[in-house]
Amino acid sequence: MDVMTEESTEKIARAFSSHRFDVALPRLADDVIWTVVGSDPIVGRKKVKKAVERTAAQLAEVTTEFQRFRSVVGEDSVVVDSLARYTDAAGDVSIVASCDLYDFDGDGCITEIVSYTIALPS
């Protein structure tokens, strides 16, 4: 497997943070750890995949508009900071600020994700 470039790791991180999980899932390490701060960590590719499938199902009827979406790329890490407006089928709106930190191994696979999220007044 080729070593991923910073651009590629950024693309993968941005895909996960923007709910385009199909792009990011193939790049999860087998022993990946995803921690949504305040919740128990999700450990392993299969469990993370199940969690994102649940998230994708919940978002299927929701319109997502990113009001802020930026990334910072380090040597083996990428940080994605976002502010999203979610509108459900009934027209209810939620505003969520989030920051996701991604660590990558030498093969360009995600080994750890730490997600901070907070709902803001809409």
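**View 1. Lysine 49 and its salt bridge in helix H3 of the predicted model.** Lysine 49 is partly exposed, with a relative accessible area of 40%. Its side chain meets that of glutamate 53 in a salt bridge, at 3.6 Å from N to O. Both residues belong to helix H3 and are four residues apart, about one turn of the helix. Glutamate 53 is likewise partly exposed, at a relative accessible area of 41%.

**View 2. The salt bridge between arginine 45 and aspartate 30.** The side chains of arginine 45 and aspartate 30 form a salt bridge with an N to O distance of 3.4 Å. This pair links distant parts of the chain, 15 residues apart: arginine 45 is in helix H3 (residues 45-59), and aspartate 30 is in strand S1 (residues 28-36). Arginine 45 counts as partly exposed at 29% relative accessibility, whereas aspartate 30 counts as exposed at 63%.

**View 3. Aspartate 81 and arginine 70 within a salt-bridge network.** The closest N and O atoms of aspartate 81 and arginine 70 are 2.8 Å apart, and the two residues form a salt bridge. Aspartate 81 lies in strand S4 and arginine 70 in strand S3 (residues 63-73), so the salt bridge ties together parts that are 11 residues apart in sequence. Aspartate 81 has a relative accessible area of 16% and is therefore buried, the cut-off being under 20%. Arginine 70, at 52%, is exposed. Arg68 joins Arg70 and Asp81 in a network of salt bridges. The model contains four salt bridges in total.

**View 4. Strand S5 and its antiparallel partners, S4 and S6.** Strand S4 (residues 77-87) pairs with S5 in the antiparallel sense over 11 bridges; here valine 80 has aspartate 100 of S5 as its bridge partner. Five residues lie between the strands in the S4 and S5 hairpin, where glycine 91 takes a positive phi near 90°. On S6 (residues 110-120), which runs antiparallel to S5, 10 bridges make the connection, and isoleucine 118 is the bridge partner of alanine 97. The hairpin of S5 and S6 also has five residues between its strands, and glycine 108 in the turn has a positive phi of about 80°.

**View 5. A nonpolar surface patch that includes leucine 101.** Leucine 101 is located in strand S5 (residues 93-104) and is partly exposed, with a relative accessible area of 33%. Together with Val37 and Tyr116, Leu101 forms a nonpolar patch on the surface. The accessible area of these residues together is about 260 Å².

Note on methods:
Residues numbered from 1 in each chain as written. Predicted model: local features only at pLDDT ≥ 70, side-chain atom pairs only at ≥ 80, totals over all residues. Heavy atoms only, no water. Patch = residues over 30% accessible without salt bridge, like charges linked within 9 Å, V, L, I, M, F, W, Y side chains within 5 Å. Areas by Shrake-Rupley, 256 points an atom, 1.4 Å probe, with all protein chains shown as cover. Helix = DSSP H or I, 4+ residues; strand = E, 2+ residues; numbered from the N terminus. Buried < 20%, exposed > 50% of the residue type's maximum accessible area, 1.4 Å probe, protein only. Pairing = 2+ DSSP bridges.
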